[in-house]
Amino acid sequence: MTEQKTAVIVGVGAEEGLGAYLCHSAAEAGLHVFIGGRTAARIEAVADATRDSGGRASAVVTDVTEQAAVAGIVAQAEASGPVDLAIYNAGNNWPGDFLEMEADYFEAAWRVICFGGFLFAQQALRCMAPRGEGCLLVTGASASLRGKPNFGAFTSAKAGLRTLTQSLARQYGPQGIHVAQVMIDGSIAGEKALTRMPRIVEKYGMDSLVGLTGIADAYMFLYRQPRNAWSHELDLRTHKESF
């Protein structure tokens with residue numbers, strides 16, 4: 001019997017969120033999905049929904065800034081089956097006036113977005129490198145490429161994560177591991193946007209938000225790309241977004 005391959009996806013929260021949609025898509029691709037997030041109830045709900053749809057899923061409470069926690073979820077996945085897909089989706093928007101910003105706030109943004117990405121990538125690649133196969137994907141943003149006013153903490157961390165991903169792609173691509181980043185330009189049509197900025201959504205319409213299904217499809221497109229036609233970066237936005 002062929003051992004079922006696994007996926008590790010961290011940064012999972014709301015059922016109507018990108019992390020959850022990525023979990024469902026990975027399970028539909030035949031992977032046993034290990035779901036990492038900070039809130040047990042939320043990741044258990046995503047795991048239940050994944051299993052209800054016929055997939056295999058395990059929820060593991062994970063703080064991406066803690067090395068032992070990150071190593072733990074990856075080790076659990078690898079013990080179940082070869083880690084073939086690893087997705088780093090942690091890191092919310094971190095706005096703030098630069099002159100009023102506390103040093104701890106700036107550092108926290110970096111720890112969640114960039115340092116956590118380092119911890120996760122290291123553990124995933126330690127599993128993939130000996131086999132010479134696997135796919136490591138990272139969630140980026142328009143802030144990965146440009147710094148806007150009042151987003152110094154967020155954009156510096158996202159830019160750091162992007163260049164880290166570039167370095168890993170260049171180092172591990174020749175070894176057979178696909179490393180890529182999806183840069184999402186705009187607000188996502190998930191629970192956060194709909195609950196935190198309903199007036200903006202009402203004003204500009206749902207088609208001004210980047211769709212969850214479309215984003216998840218893009219990740220799986222990258223996962224399925226053949227070795228002779230890999231993308232390193234893929235940017236997504238709505239037809240209304242200027243760039």
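## A buried glycine in S2

Gly37 is buried, with a relative accessible area of 5%. That puts Gly37 under the 20% cut-off for a buried residue. The model is predicted. Gly37 sits in strand S2, which covers residues 32-37.

Which residues does Gly37 touch, not counting residues up to four places away in sequence? They are Val12, Ile43, Val60, Val61 and Thr62. Thr62 lies 25 residues from Gly37 along the chain. Even so, the C-alpha atoms of Gly37 and Thr62 are separated by 5.1 Å.

## The chain as a whole

The protein chain holds eight helices and seven strands. Its radius of gyration is 17 Å, close to the 18 Å that the globule rule gives for 243 residues, so the chain is as compact as a globular protein of that length. Along the principal axes, the C-alpha atoms fill a box of roughly 55 × 35 × 35 Å.

How much of the chain is buried? Of the 243 residues, 48% count as buried. The chain exposes about 11,800 Å². Carbon and sulfur atoms supply 52% of that area. Contacts often reach far along the sequence: among those between residues at least 6 apart, 73% join residues at least 24 apart.

## Helix H3: one face inward

Helix H3 runs over residues 67-80. At 1.5 Å a residue, its 14 residues should span 20 Å. The end C-alpha atoms are 20 Å apart, which agrees.

Which residues of H3 are buried? They are Val70, Ile73, Val74 and Ala77. Seen down the axis of H3, these buried residues fall within an arc of 90°, so they line one face of the helix. On the other side of H3, Ala68 and Ala79 are exposed. The buried residues pack against four strands and a helix: S1 (6-10), S2, S3 (56-61), S4 (83-88) and helix H4 (103-128). S2 is also the strand that holds Gly37.

## Helix H8 and its partner H1

Helix H8 covers residues 212-224. Its 13 residues should span 18 Å at 1.5 Å a residue. Its end C-alpha atoms are 19 Å apart, which agrees.

The buried residues of H8 are Leu212, Ile215, Ala216, Ala218, Tyr219, Met220, Leu222 and Tyr223. They pack against H1, S4, S5 (134-141), S6 (177-184) and S7 (233-236). S4 also packs against the buried residues of H3.

What does Ser25 add to the picture of H1 and H8? Ser25 lies in helix H1, residues 18-28. Ser25 is buried, with a relative accessible area of 12%. Leaving aside its neighbours within four places in sequence, Ser25 is in contact with Ala216 and Met220. Both of these contacts are among the buried residues of H8.

## Aromatic rings in H4

How many aromatic pairs does a search of the whole structure find? It finds three. One of them joins Phe115 and Phe118. This pair is tilted, at 6.1 Å centre to centre and 35° between the planes.

Phe115 and Phe118 both lie in helix H4. They are three residues apart, about one turn of the helix. Are these rings buried or exposed? Phe115 is partly exposed, with a relative accessible area of 21%. Phe118 is partly exposed too, at 36%. Ring pairs link Trp110, Phe115 and Phe118 into a cluster.

## Two loop residues

Gly30 lies in the loop between H1 and S2. At 39% relative accessibility, Gly30 counts as partly exposed. Gly30 touches Gln4 and Lys5, not counting residues up to four places away in sequence. The C-alpha atoms of Gly30 and Ala7 are separated by 9.6 Å, with their positions 23 residues apart along the chain.

Asn150 lies in the loop between S5 and helix H5 (152-172). Its phi is near 70°, a positive value in a residue other than glycine. Asn150 is partly exposed, with a relative accessible area of 45%.

Conventions
Residues numbered from 1 in each chain as written. Predicted model: local features only at pLDDT ≥ 70, side-chain atom pairs only at ≥ 80, totals over all residues. Heavy atoms only, no water. Buried < 20%, exposed > 50% of the residue type's maximum accessible area, 1.4 Å probe, protein only. Contact = heavy atoms within 4.5 Å. Expected span 1.5 Å × (residues − 1). Arc of directions from axis to C-beta. Rg over C-alpha atoms; globule rule 2.2 N^0.38 Å. Areas by Shrake-Rupley, 256 points an atom, 1.4 Å probe, with all protein chains shown as cover. Phe/Tyr/Trp six-rings, centres within 6.5 Å; stacked < 30°, edge-to-face > 60°.
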